[in-house]
Each structure stands twice: as structure tokens, then as C-alpha cells.
Amino acid sequence: MARVHNFSAGPSALPEPVLREIADEMLEYPGAGMSVLEMSHRSAAYSDIIQDAEATLRRLLGIPDTYRVLFLQGGATLQFAGIPMNLMRTGRAGYLVTGLFSRLAAEEARRYGEVEVLASSEATGHDRIPDLAPVSERCAAGDLDYVYICQNNTIYGTQFHELPRTGAVPLVADVSSCLLMEPIDVARYGLLYAGAQKNAGVAGATVVIVREDLIGDAPTCPLTPSYMSYRRQADAHSMMNTPNTFGIYACGKVFRWVEREGGIAALERRNREKAAILYGLLDASHVFIPHAQPASRSIANVTFRCATPELDEAFIAGARERGIEGVRAHRSTGGMRASIYNAVTLDAVRALADWMEEFEDAHPEAACR
């Protein structure tokens, strides 16, 4: 069976050269006489792997020396608790609720202190990034431990194209679905983190990049498990226990691939070209309805639907027949979603665009506007 065009939101497409490298090394990692899956995390060979992964990520993102890089487990979801456990030092933080995952993060943080919702897009069905001016005004008071955003909203297809101005208040961002897709200024954040399974690697590995001065000597919450302490993880170089060795290895392969492709700026140009193809079709369509407002559209996740659920199902079924997988949207929204992460090729996007045009031509009666 030929490989399909994979538009899944996560776990998602991996670069084919990375998959081939991993396959070539599966039985024997060069010079080790064994697979990475069998290798001790304390071995010299694995030490080289994890150090190279961190060094490559630092080069790609321009991470300052004043930030620590942690490779943790538990996915992005575990950091919903880890962040307030470590950073909510006076007991109050601000959250911007722009979709499901930022809402879940805020709900989890309420277990450890007071959460203020500084802005929300719930009233408009999370179709936009809300006005950020009130965030700056609220941060001026200086009594928030941090401000939290989900920078790209995978389910709704919206993205922060400018960051809230938080002054001296640290900005914390979940960048799971936009990491490595466009350049970011790490120094604008106090902490940013990502589940790797969208753009950075495979499920099970989580990258946390945190400013050194935000890592306390002990967790904020007295009952914080030792494993959840950023200080202890940093001091142990992400090896308090056996880490996700294979996941970190896969991340390192992806980071190296990004470098070979010309770095993040080169991938950004490609990503914007992919997004422009799909949004151009949606804006001209009489069948498809885009979800996100133009000023807030994501370059990672393109969300849309037809006038009826029946047409949605027909589109998804037809896509599968053409080797296009993963376009069914999240169960909470219905419709379609094309996740066009770094590893999704321009050819894959053109194949999806061709099917969208074919579907539209076949349904002249289905005008939605």
C-alpha cells in the first residue's frame, strides 16, 4: 500500500527522510551494536543523542543561555499542572481562553491557585484571537505570577500572530502545534512547551524551555511530586528517571531534518504557501465554510465545514478514497481540519486542494453563501 497524504492533527506526519533514518538504525544504532530502544539512558551513546537533540534545538530557535531545555514525559497535558505547581508562587495567574486546551489548562491551574481569565473567544465559538489590550492593562498591576496562552489552537484553527504584552509578568505558551513552523523570539517568553507529536517528533516526548530565574529551588506547591519539579529535572538534565529515550531520539532526528531543510525561516515560507493554497480555495468557495476569522487564521491547522453534516461525511469519505487521511475535524466541532505541519508536503496540500475543487464542482446545489 502506498503512503497516504496524512493531515492528522497529532500524532501527525513525520518527514519521510526521518522515518527512513530511524528504520535504518532500528536494529543497530551506529557504533552501539544495539537499537536505541535497547540502549541504557546512562550510556555514552545515548548521552550524545540527547545532548545533540538539545544543541540542535538551541541552534534552531536561538535559545539564550539563560534558558533550560527539558525533555519530559506526560505530554503537554501534564504541564497544565506542572506550570502552576512550579510558577504560581503568589497564587494568582492570568489565562487567555482561546480553545479547548487553554480552557483545560485554566481548569487544572485552579487546583493550585486563583485563575483570572484575561480574555476569551468563547462567545464567538473560538473563531478568533480576542482583543489583547486588556491583558496589557491587567499585567501593569504586577500581581500575576504569569500569563498563559495556547499559541496555536489546533481544534479551531486560530493562532496568535502577535503576543500579548505582559510587561514584567512572564508569558507562558503552549506551542505544541506551531513549534518549528515559524521563527519565534524565545526571550519574549518565560516558559514555552510542546508535546512533540505534532511538529517536533513522536507522541510521549514533551519539550519544556524555561527561563532559569523561573526555576525555583523547590516546587511552589508543597505536595508537588519530585518528578514535577523543574529545578530537579533541570539539575538531573532530564534524567531523574529513565526518560522517553526513543522519543527524544526521534525529536533529535526531526530537529536535524529542519536544519537540513534550511531552518525554520525556510519552512515558514513553505508553510505559508501551503496555507495560502487552502485559504484561497475556502475564501472563493460556495460549498466550504472556513471557521477562523482571516486575521486569526492558523498556518498549522486549516478548519472548515460544508453546509450540512452529510456533505462533510461525503467529503471525508471521498478524501479517503483518494489517499487523503486525517481530515475529519475534532469531535467537538465537526467538519474538516487539515493539519499542514512541517512534514506535510506541498504535493499533499495540492492533492487535498484538487479534491476540494472536484468536490465543489460536483455539488453546485450545495451553495452555503
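## Salt bridges in the model

A salt bridge is a side-chain nitrogen of Lys or Arg within 4 Å of a carboxyl oxygen of Asp or Glu. The structure described here is a predicted model. Arg-128 and Asp-127 meet the criterion, since their closest N and O atoms are 2.8 Å apart. Arg-128 is partly exposed, at 32% relative accessibility, whereas Asp-127 is buried, at 8%.

A search of the whole structure finds 31 salt bridges. Some charged residues are joined in a network of such bridges, made up of Arg-92, Glu-114, Glu-116, Arg-138 and Asp-143.

## A pair within helix α1

Arg-20 forms a salt bridge with Glu-16, and the closest N and O atoms of the pair are 2.7 Å apart. Both residues belong to helix α1, which covers residues 16-25. Because Arg-20 and Glu-16 are four residues apart in this helix, about one helical turn separates them.

The two partners fall into separate accessibility classes. Arg-20 counts as exposed, with a relative accessibility of 52%, while Glu-16 is partly exposed, with a relative accessible area of 36%.

## A pair joining a loop to helix α6

In the salt bridge between Arg-231 and Glu-212, the closest N and O atoms are 3.0 Å apart. Arg-231 lies in helix α6 (residues 230-235), and Glu-212 is placed in the loop between β10 (206-211) and α6. The pair therefore ties together parts that are 19 residues apart in sequence.

Arg-231 has a relative accessibility of 14% and counts as buried, because the buried class takes in values under 20%. Glu-212, with a relative accessible area of 28%, is partly exposed.

## The surroundings of Asn-199

Asn-199 is found in the loop between β9 (191-195) and β10. With a relative accessible area of 6%, Asn-199 is buried.

The side chain of Asn-199 approaches backbone atoms of two residues. A polar atom of this side chain lies 3.5 Å from the backbone oxygen of Ser-177. The side chain of Asn-199 also reaches the backbone nitrogen of Asn-342, at 3.0 Å.

Ser-177 and Asn-342 also appear among the residues in contact with Asn-199 when its neighbours within four places in sequence are left aside. The other residues in that list are Ser-176, Cys-178, Leu-179, Leu-180, Met-181, Val-254 and Tyr-341.

Key
Residues numbered from 1 in each chain as written. Predicted model: local features only at pLDDT ≥ 70, side-chain atom pairs only at ≥ 80, totals over all residues. Heavy atoms only, no water. Helix = DSSP H or I, 4+ residues; strand = E, 2+ residues; numbered from the N terminus. Buried < 20%, exposed > 50% of the residue type's maximum accessible area, 1.4 Å probe, protein only. Polar contact = N/O pair within 3.5 Å; in protein donor to acceptor, adjacent residues only side chain to side chain. Contact = heavy atoms within 4.5 Å.
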